[in-house]
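The following exercises concern a single protein chain. Each task is followed by a solution that proceeds step by step.

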Amino acid sequence: MRDTAVKCGLDIEPIISDFYTFEGSSMKTKNIIGTACLALLMVCLLLFACAQVPGQIKVRVLIVPKFEIGKTAGDYPGEAQLFYEQYCADCEEVSIPNAPSSAHFYMNESNGVGLLVTGCGKTAAGLSLSSLLSWDAYDFSNATIVSVGCGGGSTGLSTLGDVVVVTAACDAELGHRTDVRELEAPDRGITWFPDDSYKEYAYKQLNLKLCENAYQLVKDCPLRTTETAKSVLADSYSGEEWATRDPHVAKGAVATGDCYWKGRTDHDNAVAIAEHYDSPDLFKLFTSDVGLLAQRAGISLRASLAQDTLLAWLRAHLRSSMCASSSLLWATNLDTGRRTTRPPSLTSLSKRMERQYPLR
């Protein structure tokens, strides 16, 4: 096993010697612990060896959106379609072993770009991504993961159409929560309370150098919005400059959670969560899967297509429906909610990065 470890560039001598220095342990206990740890190390070495399978398809960039509304090309786009058309056009779906049914993977071997549609929510995103990364048919050892999609913007900071280069992800659900009516001071409005025993994995900072490089590449990219989106914000937040300005690219922290359309109270919770974890940037967006990227070389671009504090407005305009959809904000006909205008495109930003780091 030592020889295998050396070939893999691993120094296991300190680990082995530690097996025999447990103070106060019997030799039998030492042997049990040592055997178990050596077995675990052997499994790790085998997994490492599997990562070097000859003939693997090298992936340079893995683009990770959560969902698509209809087809992968040609109709009204969700989070995946514009990237499929730009980087994986005409590629057939590849079935991933042991992946959830929400996972859809496309691989363009000519340019090294993969597109993984994970499905919505942290569970679907985690299972889909881990299933793909553990599949030995592909080599992700030098891949950069780019998480893309949309989210709910921070009231007072993010206008509709903004794009956020994510610098940190805060889990909005790990901690303690109560009903606002149970607070001693209900006017404060914060119903989330931290538990620092979760802090190590409830907050993850992304690679700030990589984030800054991405931001510098895309910060001046022109973004689009609609008159509907502008008028809704102007009516809802009268006199607020942030609500009527043109969208732009910014850096920011995101709160991650599986509950969409949270309203004013949970929006205020998200602001408090980002402050509690001392995020390098202010809370700008609420989304669901960015924390996965903190474990690897990855960046995240998120478009602000909604505001959580607009939930009451959306419910009022949808009348009989309890399901609020941000697509209404991008429609030109509020009576029908027809999706007649495409949301802001992230492909223009990705094209800038591609010019800097060509894929072909």
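**Exercise 1.** Determine how many disulfides the chain contains, and state the burial of Cys211 and Cys221.

*Solution.* Step 1: apply the criterion that a disulfide is a pair of cysteine sulfur atoms within 2.5 Å; the count comes to 0 disulfides. The model is predicted, local features need pLDDT of at least 70, side-chain atom pairs count only at pLDDT 80 or more, and totals for chains, interfaces and linings use all residues. Residues are numbered from 1 along each chain as its sequence is written, and side-chain values use heavy atoms, with hydrogens and water left out.
Step 2: classify the cysteines, with buried meaning under 20% relative accessible area, exposed over 50%, and partly exposed in between (1.4 Å probe, protein chains only). Cys211 has a relative accessibility of 0% and is therefore buried. Cys221, at 7%, is likewise buried.

**Exercise 2.** Describe the overall composition of the chain in terms of secondary structure, burial, contacts and surface.

*Solution.* Step 1: count the elements, where helices (H or I, at least four residues) and strands (E, at least two) are DSSP runs numbered from the N terminus. The chain has 12 helices and 14 strands.
Step 2: of its 360 residues, 47% are buried.
Step 3: take contacts (heavy atoms within 4.5 Å). Of those between residues at least 6 apart in sequence, 75% join residues at least 24 apart.
Step 4: with the Shrake-Rupley method and a 1.4 Å probe, the exposed area is about 17900 Å², of which carbon and sulfur atoms supply 53%.

**Exercise 3.** Which residues of helix H8 are buried, and which are exposed on the other side?

*Solution.* Step 1: in H8 (residues 227-236), the buried residues are Thr228, Ala229, Val232 and Leu233.
Step 2: these residues span an arc of only 125 degrees around the axis, so they lie on the same side of H8. The arc is that of the directions from the helix axis to the C-beta atoms.
Step 3: Glu227 and Asp235 are exposed on the other side of H8.

**Exercise 4.** Where do Asn98 and Asp278 lie, and how exposed are they?

*Solution.* Step 1: most residues other than glycine have a negative phi.
Step 2: Asn98, although not a glycine, has a positive phi of about 65 degrees. Asn98 lies in the loop between strand S3 (93-94) and strand S4 (104-108), and its relative accessible area of 76% makes it exposed.
Step 3: Asp278, also not a glycine, has a positive phi of about 55 degrees. The loop between helix H10 (263-276) and strand S13 (283-287) holds Asp278, which is exposed at 60% relative accessibility.
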